[in-house]
Each structure stands twice: as structure tokens, then as C-alpha cells.
Amino acid sequence: MQLEKIVEKAEQYFVDVVEEGSDQALFIAGYVQGHFSLGLAKLQSYETQSTEQLKAIIDKNLDQAFTDKELEESDQQQVRKLVANLFSS
């Protein structure tokens, strides 16, 4: 999937979850949105930009965050699932 489409899909998900999501869904979406935004900012410094690079940046940041015990295991699983869904076609 093209990078622009991933960004559009993520932005739409974040809007939808604010309107319709549970407190837990809002928490997970907010957490992912922060990592997604940071990933996009870092990606802008790359000469070429791709969906795969964005996913790798986000995954690396999440790995570090989870190593630092930022979230409980169940929340980590929900975050990983949402990231996977955002990057699926």
C-alpha cells in the first residue's frame, strides 16, 4: 500500500475512534497516533520514503517503548494489532 494511503487510513481511523471508540480504544489509538506521528516526522529526514520504512520506524520505537515497560502486556498486544491493521491493505 502506498505511503499516502496508509497515512489517510490512519488519520481516518483516529478520527473515527474519537467519535465511536471506547475509553480503551481511545487510549490505544492515542498511543499509536503518537508513535505514528513520530515515525512520520523521522521518515521526512530520509532521502526516499516508503511504507516499509515507516512501519520499521514505528516497530523499532514500539520495541523500545515496550522494553521500557511503557504499557501492560495486554495493551502492548492491542497496540501491535492496531499497527498491523493500519498497515494491512
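**Contacts and fold of a four-helix chain**

Leaving aside residues up to four places away in sequence, T51 is in contact with M1, Q2, L3, I6 and F87. The model in which these contacts are found is a predicted one. T51 belongs to helix α3, which covers residues 51-67. A relative accessible area of 11% places T51 among the buried residues, because the cut-off for a buried residue is under 20%. The separation of T51 from L40 was also computed: the two residues are 11 positions apart in sequence, and their C-alpha atoms are 10 Å apart in space.

The overall fold was considered next. The chain contains 4 helices and 0 strands, and the order of its elements from the N terminus is α-α-α-α. Its radius of gyration is 13 Å, close to the 12 Å that the globule rule gives for 89 residues, so the chain is as compact as a globular protein of that length. Along the principal axes, the C-alpha atoms occupy a box of roughly 35 × 30 × 20 Å. Among contacts in the chain with a separation of 6 or more, 63% are made by residues 24 or more positions apart.

The surface and the interior can be described in similar terms. Buried residues make up 33% of the 89 residues of the chain. The exposed area is about 5,700 Å², of which carbon and sulfur atoms supply 49%. The chain carries 8 positive and 16 negative charges, and the mean positions of these two groups lie 7 Å apart.

Aromatic side chains were then examined. The count of aromatic pairs is 3. In the pair formed by Y13 and F14, the ring centres are 6.0 Å apart and the planes meet at 75°, so the arrangement is edge-to-face; the reason is that planes over 60 degrees apart are assigned to this class. F14 is also paired with F36, again edge-to-face, with 6.3 Å from centre to centre and 75° between the planes. In this second pair, F14 lies in helix α1 (residues 3-20) and F36 in helix α2 (residues 23-43), so the pair ties together parts that are 22 residues apart in sequence. Ring pairs join Y13, F14, F36 and F87 into a cluster.

The members of this cluster can also be described by their accessibility. F14 is buried, with a relative accessibility of 8%, and F36 is buried as well, with a relative accessible area of 4%. Y13, by contrast, is partly exposed at 30%, because this value falls between the limit of under 20% for buried residues and that of over 50% for exposed ones. Y13 is located in helix α1. When residues up to four places away in sequence are not counted, Y13 touches A29, L82 and L86. Y13 and L86 are 73 residues apart along the chain, yet a distance of 8.3 Å separates their C-alpha atoms.

Two further buried residues were examined in helices α2 and α4. H35 is situated in helix α2 and has a relative accessibility of 11%, which counts as buried. With residues up to four places away in sequence excluded, the contacts of H35 are I58, N61, L62, A65 and E70. Of these contacts, I58, N61, L62 and A65 fall within the residue range 51-67 of helix α3. Q76 is part of helix α4 and is likewise buried, at a relative accessibility of 13%. Under the exclusion of residues up to four places away in sequence, Q76 touches F66 and L71.

The loop between α3 and α4 (73-87) holds a residue with a notable backbone angle, K69. The phi angle of K69 is near 60°, a positive value in a residue other than glycine. In general, most residues other than glycine have a negative phi. K69 is exposed, with a relative accessible area of 67%, because the cut-off for an exposed residue is over 50%. The loop position of K69 may be set beside the helical positions of H35 and Q76, both of which count as buried.

Technical notes: Residues are numbered from 1 along each chain as its sequence is written. This is a predicted model: local features need pLDDT of at least 70, side-chain atom pairs count only at pLDDT 80 or more; totals for chains, interfaces and linings use all residues. Side-chain values use heavy atoms; hydrogens and water are left out. Helices (H or I, at least four residues) and strands (E, at least two) are DSSP runs, numbered from the N terminus. The radius of gyration is taken over C-alpha atoms; the globule rule is 2.2 Å times the number of residues to the power 0.38. Buried means under 20% relative accessible area, exposed over 50%, partly exposed in between (1.4 Å probe, protein chains only). Contact means heavy atoms within 4.5 Å. Accessible areas come from the Shrake-Rupley method with a 1.4 Å probe; for residues, only the protein chains shown count as cover. Lys and Arg count as positive and Asp and Glu as negative; His and the chain ends are not counted. The place of a charge is taken as NZ of Lys, CZ of Arg, CG of Asp or CD of Glu. Rings of Phe, Tyr and Trp (its six-membered ring) pair if their centres lie within 6.5 Å; planes under 30 degrees apart count as stacked, over 60 as edge-to-face and the rest as tilted.
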